[in-house]
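Let's take a walk through this structure together, moving from one helix pair to the next and pausing at a few side chains along the way. Please keep the model open and turn it as you read.

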Amino acid sequence: MGLDTTTRVSELEQIMTMAAPKISSGLPAELNTFVGRRHEVAEVKRLLSEGRLVTLVGVGGVGKSRLALRVGSDLRRAFHDGVWLVELAPLESPELLVPAILERLEIQDRSIRPPIEVLVDHLRDKQMLVLLDNCEHLLDECAAMVETLMRSAPHLRILATSRQALGVVGERTMPVPTMSVPDADGAAPSSEAMGRSDAVRLFTERAKAVLPGFEVTDANRDTVAWICRRLDGMPLAIELAVVRLRAISVQQLLARLDDRFRLLTTGARTALPRQQTLRALIDWSYALCTEQERLLWSRLSVFSGGLDLEAAEHICAGDGIASEEVMDLVNGLVDKSVLAREEYPTGVRYRLLETIRQYGREQLRSSGEEAELRARHRDWYRDLATRSGQEWYGPDQVDWFTRLRAEHGNLRTAMDYCLTTPGQAENGLVIATALRFYWIAAGALREGRSWLDRLLTAEPAPTATRARALLVNARLAVLQSDFEVATEMLEECKELGRRHDDTLVLAGAAYVCGLAALIQRDPAGAVELLGEALETHRAAGDQMGAVNTLMYLATAHSLLGHDEQAAALYKECLTICEAQCEHWFRSYTLWVFGIETWKQGDTAQAVEMEREAIRLKQPFDDRLGIALCMEALAWMAADDAAERAAMLLGAAQENWRSFGGPLFGYLSAFHDTAVAVARERLGEQAFDAAFHKGAELSPTEALAYAMGRTAPRAKQPRDNSSPLTKREREIAALVAQGMSNKEIASSLVIAQRTAEAHVEHILSKLGFTSRTQIATWVAGQDPCGGPS
């Protein structure tokens, strides 16, 4: 049986690692060491080798999510298209299930197809492992979606975690047990017995983090064993209990566990049900918090997907907590392992584990404060969205985009509150409308329209707010080429704009109509409408609206052959944007101005403009924009560098397939001409080979090639490739020299937290738990980065 199991797992990994040139990293770095679970990890791998859907089931806190992450990390190089974690716990609405997966898998689709159809189409030929974490509150929706995916994507595997099985045909379930504990046979456990216990190993690892130098000794061995037994080997319970060692001894910890559990079981000393054990530990953690910490814990439960200190101060302060006290209370909850501290590009953020968040929500609900806190949460994120819309056009644009990305879950929760609470739909419209540029920059046209559609239905009053929401919704619809629906919305929008004498709404409607004309290949009509919009925006002093309009007006003139007028408008647009240190509009202006410059014969300057546009787009992860620039670079290379043109066309083709619509189709003639010219220069066979070579480039390699930094390398066999990036290999070498994170940061002139993050990524990618293992790995590498 054991040999058969090993063979099947080995075959799975061998099959999936054949000719796999690209690996996507969709897993977070592990924040601490993974302890034990060797048998469980092997069993999950065996089940995945036999079936395509495996569900890990068990109570909250038993370690389902961490087990799934470990398996995913171990198998990440076995899947051509990567291993991706999708966290479902923050989703409160079933309608967000598929859109959240699309977002997590970085699928940007601008068509009007149903989200499930987009997901199926993307995954149909993918060799991928998707981890669906915390399915229980969306069980029916998850089951229906998974069943659809299993039928449509033959190479897809799904590893789900849930408190109960999904109930899908072909599903293999694995109950996740608690960690093994030493037998209670009346005698003190031996060192060997303690070493075999995963619960003891976890306790020891975490205790060392709390008390450096902690060891299991003859004096405390029996006590540690009893603690692990009293906690039933529950990982989360052990994590919560060990924190107490900062203040008390292991003997005191056991005594307090006995007291609490005896109270819950009316004095019985028998083992407790697992759920009751975990509840008891969270009860205990709650009781050991100060009154203010307990209050903050309950109030923090209104957040979804994390929070920053500023949000906590504004939403959770008052009625027992002063604003200036929040930081110290947050630190206290971090020290007690109630809050997890995480580094983000925007700064430090905090997150409640889902089981702990649910406990906090129960406390909030019983206190009678839930409605008030949810309203405060809504107010904060409405104001945040409004500020982002007002400040989007300017030097802080990238920072706003990054911040909105981090707060996406909270913005969803705020809009969901507005939809489900009577009288709040207009506030929801304010949020969804203020995010107008975020929906576009994040490639979330579909989600933006979904929120706006539902909120407009819920709030039909003919207000100025409705007019602005209709305008944004129509714009998103036009970008999806959904012109008929956009026209209906624009008619109502214009009628409301006239009723409320809202000049900017009327100017915006003219702009959207002009954009629609341009996309539908009517440049003359676009010139008339965009010219009207530009005049109104300028008269109203709306510089952002003017810049947005200038870009497309110049493009319409370019298509009509009005080269001098087009160039003048492009230059005006760039001058305004550069004065504001603006990125988004400037990047798109450089893209189309580069094409015009190429048409006028200055190819070298045009290429540099496209590359500058790409540099501006990178902070937004604007894959559509980058693909458009790659396309333009391919057109520019077709005459003199046909092989390069074919490779760039191949590198961009995956993006085009996912966008699903004729967006910017008014420029498609350039694409067709470039393909024809390159085919003629190379011949059919050579063109197809170069195109395929470009399609095989990873996103990073394709970007470097487009920027002219490197020539694509021939693909190495997977066994000879390094999983680390060039920077990670450099840092691994410094680790091998014995440098600390601080010394590495000083050597490379980077922040210490950046060095720490790199080391964590290296450990995760290599499946290691110590710096010594990294050093050993480095010693075994040849100069080219592969195993020696």
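We begin with a crossing: helix α8 passes helix α10 in a right-handed manner. Keep in mind as we go that this is a predicted model. Two packed helices are described by the angle between their axes and the distance between the axes. Here α8 (residues 198–210) and α10 (residues 235–242) pack at about 30 degrees, with their axes 9 Å apart. Angles under 35 degrees count as roughly parallel, and α8 and α10 are therefore roughly parallel to each other. To find the interface, look at A199, L202, F203, R206, A207 and V210 in α8, which meet P235, I238, E239 and V242 in α10. An α-helix has 3.6 residues a turn, so residues three or four places apart point the same way.

Now zoom out for a moment. The protein has 39 helices and eight strands. Of its 788 residues, 55% are buried. Among contacts with a separation of 6 or more, 72% are between residues 24 or more positions apart.

One of the strands gives a good local example. R172 is in strand β6, which covers residues 172–175. With a relative accessible area of 30%, R172 is partly exposed. Its C-alpha atom is separated by 9.6 Å from that of V44, a residue 128 positions away along the chain. Leaving aside residues up to four places away in sequence, R172 touches L47, E50, G51, L53, V54 and T55.

Next, turn to a second helix pair. The axes of α23 (464–479) and α24 (residues 483–499) come within 8 Å and cross at roughly 155 degrees. Angles over 145 degrees count as roughly antiparallel, and α23 and α24 are therefore roughly antiparallel to each other. The crossing of α23 past α24 is left-handed. On the α23 side the interface includes R466, A467, L470 and L471, and on the α24 side it includes F483, A486, M489 and L490. S481 sits in the loop between these two helices. Its phi is near 60 degrees, a positive value in a residue other than glycine. At 17% relative accessible area, S481 is buried.

Helix α23 also leads us to a helix with much of its length hidden from view. Which helices do the buried residues of α20 pack against? They pack against α17 (370–391), α19 (408–420), α21 (436–441), α22 (445–458) and α23. Eight of the 10 residues of α20 (residues 425–434) are buried, so this helix is largely enclosed by the rest of the structure. The buried residues are A425, N427, G428, L429, I431, A432, T433 and A434.

From α21 we can move on to the aromatic side chains. A pair of aromatic rings is described by the distance of the centres and the angle of the planes. The structure holds 20 aromatic pairs. One of them joins W392 and F437, which are stacked at 6.2 Å centre to centre with 10 degrees between the planes. W392 lies in the loop between α17 and α18 (397–406) and F437 in α21, so the pair ties together parts that are 45 residues apart in sequence. Both W392 and F437 are buried. They belong to one aromatic cluster together with Y393, F401, Y438, W439, W584, F585, Y588, W591 and F620.

Staying in this part of the tour, find T589, which is in helix α29 (residues 584–599). Is T589 buried or exposed? With a relative accessible area of 0%, T589 is buried, as buried means under 20%. Not counting residues up to four places away in sequence, T589 touches M551, Y570, C573 and L574. Further along the chain, D621 is in the loop between α30 (603–617) and α31 (623–637). D621 has a positive phi of about 50 degrees although it is not a glycine. At 34% relative accessibility, D621 counts as partly exposed.

We finish with charges over rings. R644 lies over the face of Y705, at 4.4 Å from the ring centre. Y705 is one of the buried residues of helix α35 (residues 699–706), along with A702, L703, A704 and A706. After α35 comes G708, with a positive phi near 75 degrees. Elsewhere, the charged end of R294 sits over the ring of Y286, 5.7 Å from its centre.

Technical notes:
Residues are numbered from 1 along each chain as its sequence is written. This is a predicted model: local features need pLDDT of at least 70, side-chain atom pairs count only at pLDDT 80 or more; totals for chains, interfaces and linings use all residues. Side-chain values use heavy atoms; hydrogens and water are left out. Buried means under 20% relative accessible area, exposed over 50%, partly exposed in between (1.4 Å probe, protein chains only). Helices (H or I, at least four residues) and strands (E, at least two) are DSSP runs, numbered from the N terminus. Contact means heavy atoms within 4.5 Å. Rings of Phe, Tyr and Trp (its six-membered ring) pair if their centres lie within 6.5 Å; planes under 30 degrees apart count as stacked, over 60 as edge-to-face and the rest as tilted. A charge sits over a ring if NZ of Lys or CZ of Arg is within 6 Å of the ring centre and within 35 degrees of the ring normal. Axes are lines fitted to C-alpha atoms, for helices over the stretch in contact, and angles run from 0 to 180 degrees between N-to-C directions. Angles under 35 degrees count as roughly parallel, over 145 as roughly antiparallel, 65 to 115 as roughly perpendicular and the rest as oblique. A crossing is left-handed if the near helix is turned anticlockwise from the far one by less than a right angle, and right-handed if clockwise.
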